[in-house]
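This report describes the interior of one protein model, with attention to buried residues, nonpolar cores and pocket lining. Please consult the sequence and the coordinates alongside the text.

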Amino acid sequence: WLEMRDEIIEKYKLDLNAMAKEFIWSVNRQHSQGVGLELFSSAVTGTYEADSSGLLETLAYGNKIDYTKDFRMWTYDSGATSPVPVKIDMGISTADPDYGTSVFAVDSTTYTIEVTQGGTVKTDAIQFSWSESTGGTSGTGTLAAGSTTATLTDTSRIEFTAGELLVAGNTLKINTLADKSAAPVVMTPTETAHSISDTYTFTVASGSGGEIGKDPIQIAWSNSITSGSFTLDAAATPVDVDGMTLTFTSGYLFAGDTFTITTDVDGAPTANLASEWHWTLDSFKDQFNRQTPRITASRTSDNALKFTPYTAGTDRELTNIDYSGGVTAANTTVTVNNCDALTINTAAGKPFRLTWDSGASSWGISGDPGYAAVVLSGDDSGVRVDINGNGSADITVDFAPALTADGYVEFDIALATGTYSFGFSDDTAQDSGLTAGGIGVNSKIGSDKNFIAAAQIDSAGSYAAGDNTNAMAITDLQYTSMDIPQWTCNRIEGDTEGSMTASIDDYYHSMISSIGIKSSSISRGRAFNAVMVNKIEETRDSISGVSLDEEMTNLIKFQNAFQAAAKLITISDEMLNTLLSVK
């Protein structure tokens, strides 16, 4: 019975949960690639919440976010203007700070630094925003083109390496010591985690914190299955956590600091430290809002992501885009990198016009109605324009194929005055996976079938009522191979998570077949043991059991013997009495 409870039933419960989890993720991720008959014209809030850190890894399925792909959305203006595509580069920066040579202005604090305008170190002008936790100060920062030193407005300096990439929206946290030097955590996980394809979240306990290797630091951890805690001290910085060995080398941790470890299908761990570039709910919504007109992203009080269409007159966008000469709608892509820079000049003027002179191989701005705009760089394949004069590219225009003749692109910067709606992703299937929901039918779909995303948006932002492309893709998930966890349970050694590569259909049939085989084996084992018990009982009874016939025979024999003995005694008594009576 103990084996049945702790091994057999437990294994199939875990396997069933694993299949359900993969089914949820796969269906919802594919659903997010499509659009229904009706777009979202009111606020949409994510089903899952992150923890207080806001790290995207702490979302349910956060370990499945693919940062090599873009986040896609289309926005619509009641059919009055063309759909506007939204593409957020979800990449991770490769330009890590050189903490040994960086200098900070505030000691014993945590700096939070976010890239607001990305680019290549020493090639592009790169912008940052920052804040620090002790004094509550904040500001901006600049990494000028041709430099590897980023300067913050509080005189802090951060060193980078030339040629590496900084992606807008990435953020990191830097703890500083009393001497104002950086003290990032250095930790290496090894061995194999017991839970595969999972996220382990580590948080420094309230009232704890200190320097690794010197002060005792209490850290609580949890994953999707279990939780625990440990203490770092000067005597033992390597610790064992759920099959992994975590070796802490140096750094400083404040109370509430959070970092994560993600595991792959083999249980191999990867550390995601606060001092490394990552995405949070706040940095994603900031980058989304910088790049996206018509829709605003926000973080709810319970740490979920929310998208809300603008109401008329609440923000600015590019309107009346027009082309001439070699610049055409077919070969031109206009991207707003920072919607916050789109200020409206009320002075009378012409539309904002960017003109290409193929003979001089140069770009110029004409018809500029009073902006402090400058061309940062440009050639026949594209142009980068700074609208507000802060040195970063607020608008980027790309050309494919490259221009071969003179031409211009012009537009107005105006208040967003339409009635807006939006749909996720498109038929290029570029989606970072931020839109997975929970098992069961979402209430939005349950109340209105027009939100079932059966179709896909094409490259022009159009979709058709009869399109079932995405519905068929969801159906095909039944036969699509994927890595699904599979468990082995042992009462003594504990539960071990492995994985198998199979379709959901194959995994289900394998699990059902395994249950049938195990059930049949248990039934045969029980029947065999019952036969064995009966045979052993018969053998025992044949040797030491009581026979009523034998006992009755013995009883009669002993009774007759007793009667014969009694008769002898009676005769003897009579003979003795006769002798005594003779005179």
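Thr75 has a relative accessibility of 0% and therefore counts as buried, the cut-off being under 20%. The model in which this value was computed is a predicted one. Thr75 belongs to strand E2. Beyond its neighbours within four places in sequence, Thr75 is in contact with Pro83, Val84 and Val86, with Pro293, Arg294 and Ile295, and with Ser421 and Phe422.

**Nonpolar cores**

The largest nonpolar core comprises 23 residues, and Phe71, Met73, Phe284, Phe288 and Phe307 have the most contacts inside it. At least two residues of this core come from each of the strands E2 (71-77), E3 (81-88), E22 (295-299), E23 (305-309) and E32 (420-424), and from helix H2 (281-291). Helix H2 gives the most, with 3 residues. With residues up to four places away in sequence set aside, Phe288 touches Phe71, Met73, Val86, Ile88, Ile295, Thr296, Ala297 and Phe307. A second core, separate from this one, has 22 residues, including Val185, Ala193, Val239 and Ala271.

**Two helices**

Helix H2 is largely enclosed by the rest of the structure, because 8 of its 11 residues are buried. These are Leu281, Ser283, Phe284, Gln287, Phe288, Asn289, Arg290 and Gln291.

Does the length of helix H5 agree or disagree with the rise expected of its residues? Helix H5 covers residues 504-544, which is 41 residues, and at 1.5 Å a residue it should span 60 Å; the C-alpha atoms at its ends are 59 Å apart, so the two values agree. Buried residues in H5 are Ile504, Asp505, Tyr507 and Met511. The buried residues of H5 pack against helix H1 (2-31) and against strands E33 (482-490) and E34 (494-502).

**The largest pocket**

The largest pocket holds about 1,600 Å³ of space. It is lined by 44 residues, and Pro85, Thr333, Val334, Thr335 and Val336 are the closest to its centre. Two or more lining residues are given by each of E2, E3, E4 (110-117), E10 (165-166), H2, E24 (316-325), E25 (332-336) and E30 (395-399). The lining divides by residue class as follows.

| Class of lining residue | Number in the largest pocket |
|---|---|
| Nonpolar | 20 residues |
| Polar | 16 residues |
| Charged | 8 residues |

Strand E2 and helix H2 thus recur in this account: each supplies at least two residues of the largest nonpolar core, and each gives two or more residues to the pocket lining.

How values were computed:
Residues are numbered from 1 along each chain as its sequence is written. This is a predicted model: local features need pLDDT of at least 70, side-chain atom pairs count only at pLDDT 80 or more; totals for chains, interfaces and linings use all residues. Side-chain values use heavy atoms; hydrogens and water are left out. Helices (H or I, at least four residues) and strands (E, at least two) are DSSP runs, numbered from the N terminus. The expected span of a helix is 1.5 Å times one less than its number of residues. Buried means under 20% relative accessible area, exposed over 50%, partly exposed in between (1.4 Å probe, protein chains only). Contact means heavy atoms within 4.5 Å. A nonpolar core is a set of buried Ala, Val, Leu, Ile, Met, Phe, Trp, Tyr and Cys residues joined through side-chain atoms within 4.5 Å. On a 1 Å grid over the protein atoms alone, a cavity is a set of points where a 1.4 Å probe fits but cannot get out, and a pocket is an open set with protein on both sides within 12 Å along at least five of seven lines; lining residues have an atom within 4 Å of a point. Grid points are joined across faces, edges and corners, and a volume is the space filled by probe spheres set on the points. Ala, Val, Leu, Ile, Met, Phe, Trp, Tyr, Cys and Pro count as nonpolar, Asp, Glu, Lys and Arg as charged, and the others, Gly among them, as polar.
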